[in-house]
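Please open the structure in the viewer and display the side chains. This tour proceeds by selections, each followed by a short account of what is to be found there.

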Amino acid sequence: MNFLAHIHLSGENEMIKIGNFMADGVRGKQYENFPLAIQKGILLHRAIDTFTDAHPVFRQSTKKLHSRYHHYAGVIVDMYYDHFLAKNWSDYHNESLALYSEKFYQSLLDNHSILTSKAQHLLPYMMEYNWLVNYQSVSGIERILSQMDHRTKNQSLMRFAAEELVAHYDEFEAEFSFFYKEVQLFSKNKLNEL
C-alpha cells in the first residue's frame with residue numbers, strides 16, 4: 001500500500017494517520033520516541049505492509065510485473081492500488097478526495113516538528129504536486145512513477161509501469177477491490193488491538 005491507502009486505513013485520528021504516513025522513515029524501536037498515537041500509526045503501517053506482502057491477491061498483481069520490474073513490482077502495485085482507491089474514492093469515504101487531502105496536508109504542516117526528516121523533506125513535493133489527488137488519473141500515476149524511477153537513476157524502469165496498468169486495467173482494478181475489502185477489515189481489527 002502506498003500513502004493514500006495507509007492514511008485512509010488509519011481511521012480518523014490525525015496522529016495515527018501521521019504515524020502511518022511517515023512509518024517508512026522510522027527504523028526498529030525508534031517508534032518508541034514518538035507520542036502514543038503516532039506509535040500506533042507506525043505499528044499499524046508495519047502490520048499493513050506484512051499483511052499486504054503475504055496476501056495472495058497482492059502477489060497475483062505483482063506476478064504480472066516481476067519479469068520486467070523484479071523487486072520493484074510490489075512498489076508499482078502499491079501505486080496502482082492507490083490509483084484505484086483515489087479513482088473510486090467516493091466508494092470508501094464520504095468526503096471528497098480534494099478536501100480529505102487538503103486537511104491531511106494541513107495536519108502535516110501543523111505537526112511539522114513531530115515528522116521525521118524524511119517526511120519533512122517529502123512534504124513540499126507532495127503538496128506542490130498534490131500527489132494524493134493526482135493518484136486519480138493514469139497520467140498522474142505515470143508522472144509519480146517517473147519521479148520514483150528518476151530517484152533510482154532510471155534503474156527500476158518504473159517510468160514505463162503505466163503501460164502494464166493500462167494493459168491489465170480491469171484485472172488490476174478487480175484485484176484491488178477484492179484486496180481492499182480484506183485490508184480494511186484487517187486494519188480495523190489491528191487498530192482495536194493497538
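Are Phe3 and Trp131 buried or exposed? Select the two residues: both Phe3 and Trp131 are buried. Please bear in mind throughout that the model is predicted.

**First stop: a stacked pair**

A search of the whole structure finds 16 aromatic pairs. Phe3 and Trp131 make up one of them, and this pair is stacked, at 6.2 Å centre to centre with 10° between the planes. Now colour helix α1 (residues 3-8), which contains Phe3, and helix α9 (residues 131-134), which contains Trp131. These two residues are 128 residues apart in sequence, so their pair ties together distant parts of the chain.

**Second stop: an edge-to-face pair**

Next, select Phe58 and Tyr81. Why does this pair count as edge-to-face? The planes of the two rings stand at 85°, which is over 60 degrees, so the pair is edge-to-face; the ring centres are 5.8 Å apart. Phe58 belongs to helix α4 (residues 56-63) and Tyr81 to helix α6 (residues 73-87), so that the pair links parts of the chain 23 residues apart. Phe58 is buried, because its relative accessible area of 4% is under 20%. Tyr81 is buried as well, with a relative accessible area of 0%.

**Third stop: the aromatic cluster**

Keep Phe58 and Tyr81 selected and add Phe51, Phe84, Tyr92, Tyr169, Phe176, Phe179, Tyr180 and Phe186. Together, these residues form one aromatic cluster.

**Fourth stop: a charge over a ring**

Select Lys64 and Phe172. What sits over the ring of Phe172? The charged end of Lys64 does, 5.0 Å from the centre of that ring.

**Last stop: the cavity**

Return to Trp131, already met in the stacked pair. Trp131 also helps to line the largest cavity, together with Tyr129, Asn134, Gly140, Arg143, Ile144 and Gln147. The structure holds one cavity of 30 Å³ or more, and the volume of the largest cavity is about 30 Å³. Which elements give two or more residues to its lining? They are α9 and α10 (138-151). Colour α10 to see the element that gives the most to this lining, with four residues. By type, the lining residues divide into three nonpolar, three polar and one charged.

Methods: Residues numbered from 1 in each chain as written. Predicted model: local features only at pLDDT ≥ 70, side-chain atom pairs only at ≥ 80, totals over all residues. Heavy atoms only, no water. Phe/Tyr/Trp six-rings, centres within 6.5 Å; stacked < 30°, edge-to-face > 60°. Buried < 20%, exposed > 50% of the residue type's maximum accessible area, 1.4 Å probe, protein only. Lys NZ or Arg CZ within 6 Å of the ring centre and 35° of its normal. 1 Å grid on protein atoms, 1.4 Å probe; cavity = no way out; pocket = protein on both sides within 12 Å on 5 of 7 lines; lining within 4 Å. Points joined across faces, edges and corners; volume = space filled by probe spheres on them. Nonpolar A, V, L, I, M, F, W, Y, C, P; charged D, E, K, R; others polar.
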